[in-house]
Amino acid sequence: MVAQEFTVDLNKPLVFQVGHLGEAYQEWVHQPIVSKEGPRFFESDFWEFLTRTVWWAVPTIWLPVVCFCISMTIQVGHTLPQVALLVVAGIFVWTLVEYTLHRFLFHIKTKTYWGNTMHYLLHGCHHKHPMDGLRLVFPPAATAILLVPFWNFVKLISTPTTTPALFGGGLLGYVMYDCTHYYLHHGQPSSNVPRNLKKYHLNHHFRVQNKGFGITSALWDKVFGTLPSSKTAEKSR
C-alpha cells in the first residue's frame, strides 16, 4: 500500500525513485510524457553522461567493427557471394533477436525495487519519455556487454570461419535497427514505407504497448501473433 502511494518527483533524478512504485510501476511507466527534454537519471554527472548517447555514435563506433568482422571471413578464403549471403543471414538473425529482446526482456513485468529500477534503465525510461533524443539508442557500453552473448550464440549456429561474417551481419542489423528507431521518433518520412513504419511504432508507444514489438519490420509480429488489430492501427492514424 505504501508503494502505491509513492509519488515520483520528476524534478529529481529518477533512477533510484522508480523502484519505490512497486506494483504501480507498470502503470506509471506506460503513461508517456512527450517532451524532447529528457529527465535526469543520476546525481552523479559521470553516470548521467553514460546514459546519454547521440544517434550517430552507433554507426560511428560499430560500422568499423562490422567491416573488420566481414574482412576476417574474406581473409580465410570465402568468396564475396558467400560472405554477402552470411551478412544477409546475420541481419535476418538480428531481426529475430530484436523482436525477442523487445518482447520478452524489455517488456518484462516487474514490481520489486531493483526489478523496477533495472527495467527503467533498460527500457522503461524510453516508454516514459519516448521523445528523449539522447536515450533512444543503446549506449555503446551496454551494447558491448550484450554483444558477448550474441557472439557466443552465433558461434553455436555457425563454423569458425563463418562466425565473423555472420556476427558482422547481425551487428549491421543492430546498427540499422538503432538508426531506424531514432528516425521513427524524430524523422519526418515522406514515402509510404517509412511513414507506415513510424505509425506502426508510435502505435506501440501510445496505444497498444503489449503488441507491435518489431522496429525495423512487422515480420515477427505477424509470425508470433503480436500484430495489433487493424482497427487499433487505424485509430492511431
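**Exercise 1.** Which element gives the most to the lining of the second largest pocket, and with how many residues?

*Solution.* The model under study is predicted.

Step 1. Begin with the space itself: the second largest pocket holds about 320 Å³. Its lining consists of 18 residues, and W94, V97, L101, L146 and F150 are the closest to its centre.

Step 2. Identify the contributing elements. At least two lining residues come from each of α6, α8 and α9.

Step 3. Select the main contributor. Helix α6 gives the most to this lining, with seven residues.

Step 4. Sort the lining by class. It has 15 nonpolar, two polar and one charged residues.

**Exercise 2.** Describe the largest pocket by its volume, its lining and the elements that form it.

*Solution.*

Step 1. The volume of the largest pocket is about 890 Å³.

Step 2. Its lining is made by 36 residues, and L50, L121, L122, P139 and A142 are those nearest the centre.

Step 3. Two or more lining residues are given by each of α2 (15–18), α4 (45–50), α6 (80–105), α7 (113–128), α8 (140–157) and α9 (163–186). Helix α7 gives the most, with eight residues.

Step 4. By class, 25 residues of this lining are nonpolar, eight are polar and three are charged.

**Exercise 3.** Determine which residues make the nonpolar surface patch, and classify F224 as buried, partly exposed or exposed.

*Solution.*

Step 1. The patch is made by F92, L96, L219, V223 and F224, and its area is about 440 Å².

Step 2. Two elements, α6 and α11 (219–224), give two or more residues to the patch. The greatest share comes from α11, with three residues.

Step 3. F224 is placed in helix α11. Its relative accessibility is 43%, so F224 counts as partly exposed.

**Exercise 4.** Explain why the salt bridge between K111 and E23 ties together parts that are apart in sequence.

*Solution.*

Step 1. Five salt bridges are found in a search of the whole structure. In one of them, the side chains of K111 and E23 meet at 3.9 Å, N to O.

Step 2. Locate both partners. K111 lies in the loop between α6 and α7, whereas E23 lies in the loop between α2 and α3 (25–29), so the pair ties together parts that are 88 residues apart in sequence.

Step 3. Consider accessibility. Both K111 and E23 are exposed.

**Exercise 5.** Classify the partners in the D45 and R40 salt bridge and in the D132 and R135 salt bridge as buried, partly exposed or exposed.

*Solution.*

Step 1. Take the D45 and R40 pair, whose side chains meet in a salt bridge at 2.6 Å, N to O. D45 counts as exposed because its relative accessibility is 58%. R40 has 32% relative accessibility and therefore counts as partly exposed.

Step 2. Turn to the other pair. D132 forms a salt bridge with R135, and their closest N and O atoms are 3.0 Å apart.

Step 3. Apply the cut-off: buried means under 20% relative accessible area. With a relative accessible area of 4%, D132 is buried. R135, with a relative accessible area of 9%, is buried.

Step 4. Place this second pair in its setting. D132 and R135 are linked with E48 and R52 in a network of salt bridges.

Terms used: Residues numbered from 1 in each chain as written. Predicted model: local features only at pLDDT ≥ 70, side-chain atom pairs only at ≥ 80, totals over all residues. Heavy atoms only, no water. 1 Å grid on protein atoms, 1.4 Å probe; cavity = no way out; pocket = protein on both sides within 12 Å on 5 of 7 lines; lining within 4 Å. Points joined across faces, edges and corners; volume = space filled by probe spheres on them. Helix = DSSP H or I, 4+ residues; strand = E, 2+ residues; numbered from the N terminus. Nonpolar A, V, L, I, M, F, W, Y, C, P; charged D, E, K, R; others polar. Patch = residues over 30% accessible without salt bridge, like charges linked within 9 Å, V, L, I, M, F, W, Y side chains within 5 Å. Areas by Shrake-Rupley, 256 points an atom, 1.4 Å probe, with all protein chains shown as cover. Salt bridge = Lys/Arg side-chain N within 4 Å of Asp/Glu carboxyl O. Buried < 20%, exposed > 50% of the residue type's maximum accessible area, 1.4 Å probe, protein only.
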